[in-house]
Amino acid sequence: MEVIIQPDAAAAARLTARLIADAVKAKPAFNLGLATGATMESVYAELAAMNKRGEVDFSRVSTFNLDEYIGLPPEDKNSYRYYMNFHLFDKINIDKQNTHLPDGMAADEVAEGARYEAAIKQAGGLDLQLLGIGSDGHIGFNEPLSSFASRTRAKPLTPATYRQNSIYFDPPETMPMRAFTMGVGTILDAKRIVMLITGAKKAGIAAKAIEGPLTSMVTGSAIQLHPSVVVILDEGAASQLTMREYYDWVFANEPKWKNYR
Ligand code: F6R
């Protein structure tokens, strides 16, 4: 795992977007795993701006989102399909046919999980999965105690996640209590993982996921099992990390980071 600390959230989002854009440039028919949430909005704004400037081409890219609320149709303003169209897909030259999310309205939940897994597999697997982390340590909607071997399925959300996300719903009680999510196992199958964590509020959970013990109580800690992970943080989110000097040392000296410093 490599840990890169940027001065602020905007710089962290810019670096995240650049890593994604450079990966897409290197392999134009790219399978990109995407996340939603407040943290990702500036990443998508940056990718849209880069696309507009002709710096990255999404015409051959396929995307697979981590999760979708159960019971929300695509046109619902709180669905993750709506979020993705609004923040990214409507602003870049991607073919919407190649953008995938679990179907929140699927009648058969077990079949929907299997369908989504098969679609990722048929595409050739994910080249890169973008991750945020929830206040309870979740990645995707893999709430505490989700198995590290889990696959895409319906998952009941925790009260902590409900409190984190119901602020976007009006009234808050209309937020669904369940979601489809890629499993931890699905995420770990991606060839690369890029995680973005910003804000002092996330400092405690960031330290647990990056430096704490492997535990399904913090599903974000599962990234420690993956051979190719970069975690990008701002100063606030990095404030409880103990190996800071080492992280900065690697970023300052490893040749692979030369163009990103
Ligand atoms: C959503 C997702 C979640 C979020 C997490 C953080 O697709 O994958 O794991 O990344 O809930 O959300 P924000 O960025 O709103 O704090």
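Me: Which residues come nearest to the ligand?

Reply: A residue counts as near a molecule or strand if one of its heavy atoms lies within 4 Å of it. Here 14 residues are around the ligand, and Thr-36, Thr-39, Asp-67, His-138 and Gly-140 come nearest. This is a predicted model, where local features need pLDDT of at least 70, side-chain atom pairs count only at pLDDT 80 or more, and totals for chains, interfaces and linings use all residues. Residues are numbered from 1 along each chain as its sequence is written, and side-chain values use heavy atoms, with hydrogens and water left out.

Me: What polar contacts does an oxygen atom of the ligand have with Gly-140, Gln-164 and Lys-202?

Reply: A polar contact is a pair of N or O atoms within 3.5 Å; within protein, one must be able to donate a hydrogen and the other to accept it, and residues adjacent in sequence count only if both atoms are side-chain atoms. A polar backbone atom of Gly-140 lies 2.8 Å from a ligand oxygen. For the side chain of Gln-164, an N or O atom is 2.9 Å from a ligand oxygen. For the side chain of Lys-202, the distance is 2.8 Å.

Me: In what order do the strands of the sheet run?

Reply: Helices (H or I, at least four residues) and strands (E, at least two) are DSSP runs, numbered from the N terminus. Two strands pair if DSSP finds at least two bridges between them. Here seven strands form an open, parallel sheet: β1-β10-β9-β6-β2-β3-β5. β1 (2-6) and β5 (99-100) stand at the edges with a single partner strand each, so one side of each has no neighbour in the sheet. Inside the order, three bridges join β6 (residues 128-131) to β9 (residues 193-197). One pairs Leu-130 with Val-194 in β9.

Me: Which strands does helix α2 touch?

Reply: Contact means heavy atoms within 4.5 Å. Axes are lines fitted to C-alpha atoms, for helices over the stretch in contact, and angles run from 0 to 180 degrees between N-to-C directions. Helix α2 (residues 38-52) touches β2 (31-34), β6 and β9, at about 130° to β6. Helix α7 (residues 203-211) lies across β1, β9 and β10 (229-234), at about 160° to β10.

Me: Which residues have the most contacts inside the largest nonpolar core?

Reply: Nonpolar side chains tend to be buried together in soluble globular proteins. A nonpolar core is a set of buried Ala, Val, Leu, Ile, Met, Phe, Trp, Tyr and Cys residues joined through side-chain atoms within 4.5 Å. Buried means under 20% relative accessible area, exposed over 50%, partly exposed in between (1.4 Å probe, protein chains only). The largest core has 81 residues, with Val-43, Tyr-44, Leu-47 and Leu-233 having the most contacts inside it. Helix α1 (residues 9-26) gives the largest share, nine residues.
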